[in-house]
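Let's take a walk through a protein chain together, moving from its overall outline down to single residues. Have a look at the picture first, and then read on.

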Amino acid sequence: MTTTPAPAATAPPATASPRPGPPPRPRPRILLASTAGSVAALVLLVAVGTVLDQPLLVPPLAASMALVAGAPDLPLSQPRSVVGGQLLSALTGFAVLAVAGPGLWGAAVAGGLALGVMMLARTPHSPAAATAVIVALQAPPFWSFLGLLALASLLLVAVGLGAARASGRTYPVYWF
């Protein structure tokens, strides 16, 4: 009977990179420009949302602004995804609303379907799923909601452009 020797234990390669850690601290100029831009954009959106009686639109747009100002290089932060993802998700919410009426079950379906719609359209923007949920829960007026959402999304992109210029960063990486 022949026996084969056991394989020798192998050590991980010496070139293995260490586990990733948290991101580096931002330079003060980037921190100040991103924070100031975010605060200004969100205060403006609260003012407009309050006047138009759409204050629930602020939470998903706050998350959108966090991506635009805090991670301007990500695909989720690009204008195509911010504007397109928000509008497509709202339309998805309105479609579910038309079929199911307002409510929690329809809102859950709208949020999930919004992800699929954004993936198909190549406009990934995770905060926009919350917009679909808001539409399916609240049943806002179609045209005024879409108009406000389009304006708000464009405002976030514009503030992102200004904050990037003020901080010396590049935004957007691509438009459409």
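## The chain as a whole

The accessible surface of the chain adds up to about 10,200 Å², and carbon and sulfur atoms account for 73% of it. Keep in mind as you read that this is a predicted model.

What is the chain built from? It has six helices and zero strands, so if you follow the sequence from start to end you meet the pattern α-α-α-α-α-α. How spread out is the chain? Its radius of gyration is 22 Å, well over the 16 Å that the globule rule gives for 176 residues, so the chain is more spread out than a compact globule. The C-alpha trace tells you about the outline too, spanning about 85 × 45 × 25 Å along the principal axes.

Of the 176 residues in the chain, 38% are buried. Contacts can also be sorted by how far apart the partners sit in the sequence: among those between residues at least 6 apart, 77% join residues at least 24 apart.

## Two buried residues in helix 1

Helix 1 covers residues 28–51, and A33 is found there. Is A33 buried or exposed? With a relative accessible area of 14%, A33 is buried, because buried means under 20%. Setting aside residues up to four places away in sequence, A33 touches A163, A166 and S167. For a sense of distance, take G112, which is 79 residues from A33 along the chain: the C-alpha atoms of A33 and G112 are separated by 34 Å.

S38 also has its place in helix 1. At 14% relative accessibility, S38 counts as buried. Which residues does S38 contact, leaving aside its neighbours within four places in sequence? They are M65 and A69. Closer along the sequence, a polar atom of the S38 side chain lies 2.9 Å from the backbone oxygen of S34. There is a general point that helps here: an α-helix has 3.6 residues a turn, so residues three or four places apart point the same way.

## Aromatic rings

A pair of aromatic rings is described by the distance of the centres and the angle of the planes. A search of the whole structure finds three aromatic pairs. Two of them are set out here.

| Aromatic pair | Centre to centre | Angle between planes | Arrangement |
|---|---|---|---|
| F94 and F145 | 6.0 Å | 80 degrees | edge-to-face |
| F142 and W143 | 4.8 Å | 90 degrees | edge-to-face |

Where do the partners F94 and F145 lie? F94 is in helix 3 (residues 79–100) and F145 in helix 6 (residues 142–167), so their pair ties together parts that are 51 residues apart in sequence. F94 is buried, with a relative accessible area of 10%, and F145 counts as buried at 0% relative accessibility.

The other pair in the table has another setting. F142 is partly exposed, with a relative accessible area of 30%, while W143 is exposed, at 69%. W143 counts as exposed because its value is over 50%. F94, F142, W143 and F145 form one aromatic cluster.

Helix 3, the home of F94, has 22 residues. From its first C-alpha to its last, helix 3 reaches 31 Å, close to the 32 Å expected at 1.5 Å a residue.

## Backbone details outside the helices

Now for some backbone angles. Just after helix 3, G101 takes a positive phi of about 80 degrees.

R122 is a residue other than glycine, yet its phi is positive, near 60 degrees. Where is R122? Its place is in the loop between helix 4 (104–121) and helix 5 (127–138). R122 is exposed, with a relative accessible area of 61%.

A139 is not a glycine either, and has a positive phi of about 50 degrees. A139 is found in the loop between helix 5 and helix 6, and is partly exposed, with a relative accessible area of 37%.

Last on the tour is P172, in the segment after helix 6. The peptide bond from Y171 to P172 is cis, with omega near -5 degrees.

Methods:
Residues numbered from 1 in each chain as written. Predicted model: local features only at pLDDT ≥ 70, side-chain atom pairs only at ≥ 80, totals over all residues. Heavy atoms only, no water. Helix = DSSP H or I, 4+ residues; strand = E, 2+ residues; numbered from the N terminus. Buried < 20%, exposed > 50% of the residue type's maximum accessible area, 1.4 Å probe, protein only. Contact = heavy atoms within 4.5 Å. Phe/Tyr/Trp six-rings, centres within 6.5 Å; stacked < 30°, edge-to-face > 60°. Rg over C-alpha atoms; globule rule 2.2 N^0.38 Å. Areas by Shrake-Rupley, 256 points an atom, 1.4 Å probe, with all protein chains shown as cover. Expected span 1.5 Å × (residues − 1). Polar contact = N/O pair within 3.5 Å; in protein donor to acceptor, adjacent residues only side chain to side chain.
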